[in-house]
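I set out to look up aromatic contacts and pockets, and I record the entries below.

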Amino acid sequence: MDGNHETNLKPPATYTEMLDKFKDRGLIIQDEIKAVGILKRINYYRLTGYMLPYKLDENQYREGTTFENIVDLYHFDMRLRSLLLDIFEYVEISMCSLISYHLAHKYGVECYNEPANFSFRKSIDYDKFISKLYEELDRSKEIFVSHHKHNYRQRYPIWVAVEVLSFSSLSILYTNMKPEDKRVICKQFGLKTNKLMDSWLHSLCILRNRCAHFSRIYDTKLTHQVALTFDAQKLKIKPNTLFGAIFTLKYLVQDQTTWSSWITELNSLLDRYNHVCELYRIGFPEDWETYLRSIPTDTSYT
């Protein structure tokens, strides 16, 4: 666009005008009063993202598409994000525990204060990480942080420090651990190479943040493709799909009771919304449940 060209923004539309626009494009609205109530609760622009799978082109919806279909798809996406956040919590807490245990026993309780214990390529990257860590510690109101703040002159063992890290910061910490230290962590999950965990944590971090910020995950591609094990490659799982990310989780959730229960919840959710959720749009094969419940056999990667 020409930098000197001024484009006027569209004027705000009333709820009635919004509905009229939908109807003009072939969307069926069964209860206009209820639809207005929904538009008061869910921003029009946010809702239009869930209309994309139903569009034939810019100005026409697939025949028979209802406003209620769109709202149901929105609610499916909302509940799917919530379900994913539950399992991300398990993974994040597990990684915090394993990483802090290993680093503490190998390098000491305040190992994060010594850059030589890590493999940050640039000193400025380490400085940014450690600065953010202490900012989070200063901001934290957790009892265990306050205990160390007041009783140990603001000195924190690694197992306390990691508890204030975001998933993003935890991923950065792992990425910049020494290769031999990464191998210790990967071995806990039966992984034969560090490359898998590097890729997984980065991808899952991005997906987790999308879920936490209420971004649409239905019918979207991962911005960072997950690295696939031989198991996943043989199943022809696509690395840029939601299912590709979920498939990696089965390696990271070691408690099989937790994993099995989560799959059951996922199955229930998909069954509840099967009238609007098209599995291929989130990369799910028809026999997806078999894939997720099967025991990993080959965690190699090339």
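I looked first for a charge over a ring (NZ of Lys or CZ of Arg within 6 Å of the ring centre and within 35 degrees of the ring normal). Lys250 lies over the face of Tyr251, at 6.0 Å from the ring centre.

I note that this is a predicted model, in which local features need pLDDT of at least 70, side-chain atom pairs count only at pLDDT 80 or more, and totals for chains, interfaces and linings use all residues. Residues are numbered from 1 along each chain as its sequence is written, and side-chain values use heavy atoms, with hydrogens and water left out.

I then turned to aromatic pairs, taking rings of Phe, Tyr and Trp (its six-membered ring) with centres within 6.5 Å, and calling planes under 30 degrees apart stacked, over 60 edge-to-face and the rest tilted. I obtained 17 aromatic pairs by this rule. In one of them, Phe88 and Phe167 meet edge-to-face, at 6.5 Å centre to centre and 65° between the planes. This pair links distant parts of the chain, 79 residues apart, with Phe88 in helix H4 (residues 67–107) and Phe167 in helix H8 (residues 167–175); helices are DSSP runs (H or I, at least four residues) numbered from the N terminus. I found both Phe88 and Phe167 buried, that is, under 20% relative accessible area with a 1.4 Å probe, protein chains only.

I also recorded that Tyr251 belongs to one aromatic cluster with Trp200, Phe243, Phe247, Phe284, Trp288 and Tyr291.

Key
Helices (H or I, at least four residues) and strands (E, at least two) are DSSP runs, numbered from the N terminus. Buried means under 20% relative accessible area, exposed over 50%, partly exposed in between (1.4 Å probe, protein chains only).
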